[in-house]
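Reader: I should like to go through a structure with you. Could we begin with the overall picture and then turn to particular places?

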Amino acid sequence: MAKLKWGMIGGGEGSQIGPAHRLGAQADGLFEFAAGALDHRPEAGRAYAQRLGVPADRAYGDWQEMLAGEKDRPDRIDLVTIATPNATHFEIAKAYLEAGFNVLCEKPMTMTVEEGEEIVRVARASGRICAVNYCYSAYPMVRQARAMVRAGEIGKVRLVVTNFSHGHHGDATDADNPRVRWRYDPAMAGVSGQFADCGIHALHMASFICDDKVATLSADMASTISSRQLEDDAMVNFRMEGGTVGRLWTSSVAIGRQHGFDIQVFGETGGLRWASEHPNQLIYTPVGGRTQIIEKGEGGLHDDAMRLSRVAIAHPEGFPLAVANIYCDLADAIRGEPRDGLPDAADGVRSIAAVHAAVASARAEGAWQDARPPMFR
Ligand code: NAI
């Protein structure tokens, strides 16, 4: 089968998420890296794309030049990934969808709820895929957890507790580092810092595993480094449409926590626990029974977890292969065989609505807010 053609915007040299996309897109030989506008500095972007093997005539200076260059080519890209800072996602995603390209957009998909709803509408009208990179949902054992919940193996879910807390922005003397600073600059990041950066991964994960939607929330937010305009720590209580109680903590100043993303799901007949630092194991406890470790790749997993287990049992699989799983599902969808679970623009706008609800709640001393975008109320 011919490789699909893939282009990337952002993710330039030294960027945080760029390498994971390049590894993920190319891990299974499904995509060829055909075009790129990788950097906010046109010459640096062109040069880096060529060093990565992109042909010179498709190593573009910016996303507009790439759109103009790609749209009428007979061999134009089948998918474009948007891995630029948040404030640019909306106009780039909209322009590429309107020109008929499939899009994988980094989270948060947009800055405002209105923009998010517009992307949902544009994607529907174009008939193209607009996926959002909630890549943690593509770890095999997260898929196992979701399948177990769906199969009723822990009964009705009562409670979900999750946190995504690290300490990598905890050094006040590093607050002006350009890769850190934009995340707390409202012009670049939007209304929220850490919640929009990491908290929404945890919130999406709660919805994904519980197979439910966040309905209402109450938040407390703090900028513990006082020069920051946006929060670097947040605690969010939420309720899901099906009645599940949710608790979420997210922080970027939790020094000592490296990549502290974990989730616990407590049902009427059992509990599940998964952590990104130990992604191959899902911990399962049936009510009144012994705690069990379910391993990626072992016999008896649900189909989706088995499908996405790539290498033999006990060999580590990690973040880039979770991203690769997103690209596998994208390749299937582009070829007309969509799979359940690929995060899409509806997930993207639900997240951004939750972000705005959390900011409103924090400003109103924790008053509960409707967390749903108007289009889904
Ligand atoms: P970064 O600051 O490390 O890198 C951003 C890159 O985009 C740089 O190479 C920069 O030159 C380039 N860029 C900026 N504006 C551009 C433009 N207009 N055109 C082309 N290139 C441009 O940022 P990072 O951490 O890589 O984040 C990028 C996006 O990815 C953000 O939206 C962030 O929220 C998201 N992200 C997602 C993660 C995930 O787990 N899904 C993890 C980390 C980031």
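Author: What follows is a discussion of the predicted model shown here.

Reader: How many helices and strands are there in the chain?

Author: The chain contains 12 helices and 14 strands. Its C-alpha atoms fill a box of roughly 65 × 50 × 40 Å along the principal axes.

Reader: What radius of gyration does the chain have, and what would a compact globule have?

Author: The chain has a radius of gyration of 20 Å. A compact globule of 377 residues would come near 21 Å, so the two values agree.

Reader: And what percentage of the residues count as buried?

Author: Of the 377 residues, 55% count as buried. The accessible surface comes to about 15,300 Å², and carbon and sulfur atoms account for 51% of that surface. As for contacts between residues at least 6 apart in sequence, 68% of them join residues at least 24 apart.

Reader: Let us move to internal space. How many cavities of 30 Å³ or more does a search of the whole structure find?

Author: The search finds 1 cavity of 30 Å³ or more. Its volume is about 140 Å³.

Reader: Which residues line the largest cavity?

Author: The lining consists of Leu203, His204, Ser207, Lys213, Val214, Asp347, Arg350, Ser351, Ala354, Ala371, Arg372 and Pro373. By class, that gives 5 nonpolar, 3 polar and 4 charged residues.

Reader: Which helices supply at least two residues of that lining?

Author: They are helix H9, spanning 194-210, and helix H12, spanning 345-363. H12 gives the largest share, with 4 residues.

Reader: Turning to H4, how many of its residues are buried?

Author: Helix H4 covers residues 89-98, and 7 of its 10 residues are buried. These are His89, Phe90, Ile92, Ala93, Ala95, Tyr96 and Leu97.

Reader: What do the buried residues of H4 pack against?

Author: They pack against four strands and two helices by name: strands E1 (4-10), E3 (79-83), E4 and E5 (130-132), together with helices H3 (63-70) and H5. Just after H4, glycine 100 takes a positive phi of about 90 degrees.

Reader: You mention H5. Is glutamate 118 in that helix buried or partly exposed?

Author: Glutamate 118, which lies in H5, is partly exposed, because its relative accessibility is 24% and buried would require under 20%. Setting aside neighbours within four places in sequence, glutamate 118 is in contact with Phe90 and Lys94. Phe90 is one of the buried residues of H4.

Reader: How far is glutamate 118 from valine 245?

Author: Their C-alpha atoms are separated by 30 Å, and the two residues are 127 apart along the chain.

Reader: What about H6, how many of its residues are buried?

Author: Helix H6, residues 140-150, is mostly covered, with 10 of its 11 residues buried. The buried set includes Arg143 and Arg146 as well as Met141, Val142 and Met148. Glycine 152 follows H6 and has a positive phi, near 80 degrees.

Reader: Now the backbone geometry. Where is there a cis peptide bond?

Author: A cis peptide bond joins lysine 107 and proline 108, with omega about -15 degrees. Proline 108 sits in the loop between strand E4 (102-105) and helix H5 (113-126). Most peptide bonds are trans.

Reader: Which residues have a positive phi without being glycine?

Author: Alanine 314 is one of them, with phi near 80 degrees, and glutamate 365 is another, with phi about 55 degrees. Alanine 314 is in the loop between H10 and H11, and glutamate 365 is in the loop between H12 and strand E14 (369-370).

Reader: Why do these two count as exposed?

Author: Exposed means over 50% relative accessible area. Alanine 314 counts as exposed because its value is 58%, and glutamate 365 because its value is 79%.

Reader: Finally, where is isoleucine 313, and what is it in contact with?

Author: Isoleucine 313 lies in the loop between helix H10 (303-307) and helix H11 (319-334). It is partly exposed, with a relative accessible area of 43%. Beyond its neighbours within four places in sequence, isoleucine 313 is in contact with Glu295, Lys296, Gly297 and Glu298. Its C-alpha atom is separated by 36 Å from that of arginine 239, 74 residues apart along the chain.

Methods: Residues are numbered from 1 along each chain as its sequence is written. This is a predicted model: local features need pLDDT of at least 70, side-chain atom pairs count only at pLDDT 80 or more; totals for chains, interfaces and linings use all residues. Side-chain values use heavy atoms; hydrogens and water are left out. On a 1 Å grid over the protein atoms alone, a cavity is a set of points where a 1.4 Å probe fits but cannot get out, and a pocket is an open set with protein on both sides within 12 Å along at least five of seven lines; lining residues have an atom within 4 Å of a point. Grid points are joined across faces, edges and corners, and a volume is the space filled by probe spheres set on the points. Ala, Val, Leu, Ile, Met, Phe, Trp, Tyr, Cys and Pro count as nonpolar, Asp, Glu, Lys and Arg as charged, and the others, Gly among them, as polar. The radius of gyration is taken over C-alpha atoms; the globule rule is 2.2 Å times the number of residues to the power 0.38. Buried means under 20% relative accessible area, exposed over 50%, partly exposed in between (1.4 Å probe, protein chains only). Contact means heavy atoms within 4.5 Å. Accessible areas come from the Shrake-Rupley method with a 1.4 Å probe; for residues, only the protein chains shown count as cover.
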